[in-house]
Structure formats: C-alpha cells, structure tokens
Amino acid sequence: MEKTRIAVLVSGGGTNLEALLCAKENGKIPHGDICLVVSSKQGVFALERAKNHNVKSVVIEQKDKELFENELISTLQNEKIDLVVLAGFLKILTERFTKLYSNRIINVHPSLIPSFCGNGFYGLTVHEKALDYGVKVTGATVHFVNEIPDGGKIILQKSVNVCKNDTPEKLQKRVMKQAEWVILPKAVELVSKNLTKEKNKK
Ligand code: GRF
C-alpha cells in the first residue's frame with residue numbers, strides 16, 4: 001500500500017508539528033508519512049524539531065507571493081506530496097494554490113470556527129478576542145483550506161473551557177494542549193486514510 005505523502009508547513013515554534021511527528025511515531029497515523037517540513041522562516045524551532053525526528057526540511061523565504069508559491073509548488077511536486085498540513089503557517093495562500101491542492105490542504109485554527117476566525121485572527125489575538133467577548137467555551141478546529149481564510153469545510157472540532165482568571169497566554173496553552181494537539185493528528189489520519197484509498201485504486 002502506497003501511503004499518503006504529507007508535507008507540514010510551519011513558520012514558528014512547531015508544537016503542532018511535534019504533535020504530528022509523535023503521533024506518527026506512536027502508530028497513530030498509519031495511512032500517512034510525514035515526508036517534508038517547509039518553513040517560511042529561517043531559524044525557527046520547528047526546523048529543529050524536524051531535524052530531531054529525521055524529517056527533511058526546506059526553508060522558502062521568498063517575499064514575493066507568486067515566486068514563493070512557485071517555489072513551494074515545485075518543492076511539493078518534487079517530493080510527490082499528496083497532503084499539505086498548515087501548522088502555525090503564517091502566510092495566506094492564493095486561490096491558485098488552494099485550487100491546485102483542493103481538498104488536500106488542512107489547517108488547525110485555535111477557536112471554534114465560525115467564531116474568532118478569518119483575516120487578522122491568528123496567534124494570541126484569537127484568544128484575546130475570545131476573552132474580551134466573554135465566551136465560556138472556546139476550542140480548536142481543523143478544516144480544509146480554500147480561498148476564504150478559515151472558510152473551508154470543517155473536519156474536526158474540540159471544545160475547551162475558559163477559566164475565571166484566564167489570560168490570553170494561559171488560554172492559548174490550554175487550547176493547544178487539550179484541543180489542537182489532539183485533533184490535528186486525528187484529522188491528518190482521517191484525511192490520509194481517504195487519500196491513501198484513492199491513491200491505491202488507480
Ligand atoms: C497554533 O495556535 C495554531 O492553531 C495556529 O498557530 C499556532 C502555531 O503554534 N495556526 P505552533 O507553531 O504549532 O507551536
């Protein structure tokens with residue numbers, strides 16, 4: 001059986017990448033292989049994590065959007081990547097890219113979509129807005145990526161309670177630990193299973 005070949009795109013610390021690499025090593029992603037890590041920034045800790053787990057990594061620092069995507073596409077094609085996972089990847093991809101990899105790009109977002117999502121909602125801002133609004137429950141969402149920021153079909157969601165004296169930082173950590181690191185590997189296996197089936201039919 002030819003497994004789904006996965007690339008993880010990162011821009012920072014890479015704790016979600018770590019969750020994926022550990023899940024793979026623990027047999028929780030039997031239908032996928034994490035073949036490549038692509039970072040949009042040099043020197044980020046996610047690259048160390050890739051190295052520690054013996055996964056090939058590439059840095060693409062091109063500022064121009066079109067040139068960035070050209071390089072990204074040829075890198076993914078060279079590695080025969082079937083599934084692209086955005087894990088703390090801070091660049092917005094154009095419609096050209098999302099159409100090319102339609103139903104083959106997934107993202108993890110730290111809120112229960114459709115709350116606190118879309119343009120400008122990333123990092124701590126998401127949790128600041130949730131606390132400002134006064135929600136009692138938040139969480140994380142894994143979804144397919146299309147041309148609308150955080151607008152693609154939802155794959156998995158998990159809720160997390162907001163606590164009385166929460167700060168954005170405390171809430172961010174809880175959402176990662178209780179939701180993001182749990183549902184991202186599960187969603188990757190779910191999608192890989194389907195893609196693997198498709199791939200082996202041909
Ligand atoms: C996570 O909160 C993720 O939901 C968001 O960016 C953050 C990345 O964290 N898209 P890390 O780089 O995986 O540690």
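Helix α1 is covered from several sides. In this predicted model, the cover over its buried residues includes β1 (4-10), β2 (32-39), α2, β4, β5 and α6. The buried residues of α1 are Asn16, Leu17, Ala19, Leu20, Leu21 and Ala23. After the helix comes glycine 27, with a positive phi near 80 degrees.

**Overall fold**

The protein chain holds 6 helices and 7 strands. Their order along the sequence is β-α-β-α-β-α-β-α-β-α-β-β-α. The radius of gyration is 16 Å, close to the 17 Å that the globule rule gives for 202 residues, so the chain is as compact as a globular protein of that length. Along the principal axes, the C-alpha atoms fill a box of roughly 50 × 40 × 30 Å.

How much of the chain counts as buried? The share is 47% of the 202 residues. Contacts tell of sequence range: among those with a separation of 6 or more, 67% join residues 24 or more positions apart. The accessible surface comes to about 10,500 Å². Carbon and sulfur atoms account for 51% of that surface.

**Charges and salt bridges**

The protein chain carries 30 positive and 22 negative side chains. The centres of these two sets lie 6 Å apart. Side chains of opposite charge can pair when their charged atoms come close. The structure holds 10 salt bridges. The table gives three of them, including the N to O distance for each.

| Salt bridge | N to O distance |
|---|---|
| Glutamate 18 – arginine 49 | 3.0 Å |
| Arginine 96 – glutamate 69 | 3.9 Å |
| Aspartate 82 – lysine 199 | 2.7 Å |

Take the pair of glutamate 18 and arginine 49, with its closest N and O atoms 3.0 Å apart. Glutamate 18 sits in helix α1 (residues 15-25) and arginine 49 in helix α2 (residues 45-52), so the salt bridge ties together parts that are 31 residues apart in sequence. Glutamate 18 is partly exposed, at 22% relative accessible area. Arginine 49 is buried, at 13%. Helix α2 also appears in the cover over the buried residues of α1.

The second pair joins arginine 96 and glutamate 69 at 3.9 Å. Arginine 96 belongs to helix α4 (residues 95-100) and glutamate 69 to helix α3 (residues 65-78), so this bridge ties together parts 27 residues apart. Is each partner buried or partly exposed? Arginine 96 is partly exposed, with a relative accessible area of 39%. Glutamate 69 is buried, with a value of 2%.

The third pair is aspartate 82 with lysine 199, at 2.7 Å. This pair links distant parts of the chain, 117 residues apart. Aspartate 82 lies in the loop between α3 and β4 (83-86), while lysine 199 lies in helix α6 (residues 168-201). Aspartate 82 is buried, with a relative accessible area of 12%. Lysine 199 has 19% relative accessibility; buried means under 20%, so lysine 199 counts as buried. Salt bridges that share partners join Glu2, Asp82 and Lys199 into one network. Helix α6, which holds lysine 199, is also part of the cover over the buried residues of α1.

**Backbone exceptions**

Most residues other than glycine have a negative phi, and most peptide bonds are trans. Which peptide bond is cis, with omega near 20 degrees? That bond runs from isoleucine 113 to proline 114. Proline 114 lies in the loop between β5 (105-109) and α5 (124-133).

Phenylalanine 116 also has its place in the loop between β5 and α5. Its phi is positive, about 50 degrees, although phenylalanine 116 is not a glycine. At 16% relative accessibility, phenylalanine 116 counts as buried.

Asparagine 54 is not a glycine either, and has a positive phi of about 55 degrees. Asparagine 54 lies in the loop between α2 and β3 (56-59). Its relative accessible area is 73%, and asparagine 54 is exposed. Phenylalanine 116, by contrast, is buried.

Key
Residues numbered from 1 in each chain as written. Predicted model: local features only at pLDDT ≥ 70, side-chain atom pairs only at ≥ 80, totals over all residues. Heavy atoms only, no water. Helix = DSSP H or I, 4+ residues; strand = E, 2+ residues; numbered from the N terminus. Rg over C-alpha atoms; globule rule 2.2 N^0.38 Å. Buried < 20%, exposed > 50% of the residue type's maximum accessible area, 1.4 Å probe, protein only. Contact = heavy atoms within 4.5 Å. Areas by Shrake-Rupley, 256 points an atom, 1.4 Å probe, with all protein chains shown as cover. Lys, Arg positive; Asp, Glu negative; His and termini not counted. Charge placed at Lys NZ, Arg CZ, Asp CG, Glu CD. Salt bridge = Lys/Arg side-chain N within 4 Å of Asp/Glu carboxyl O.
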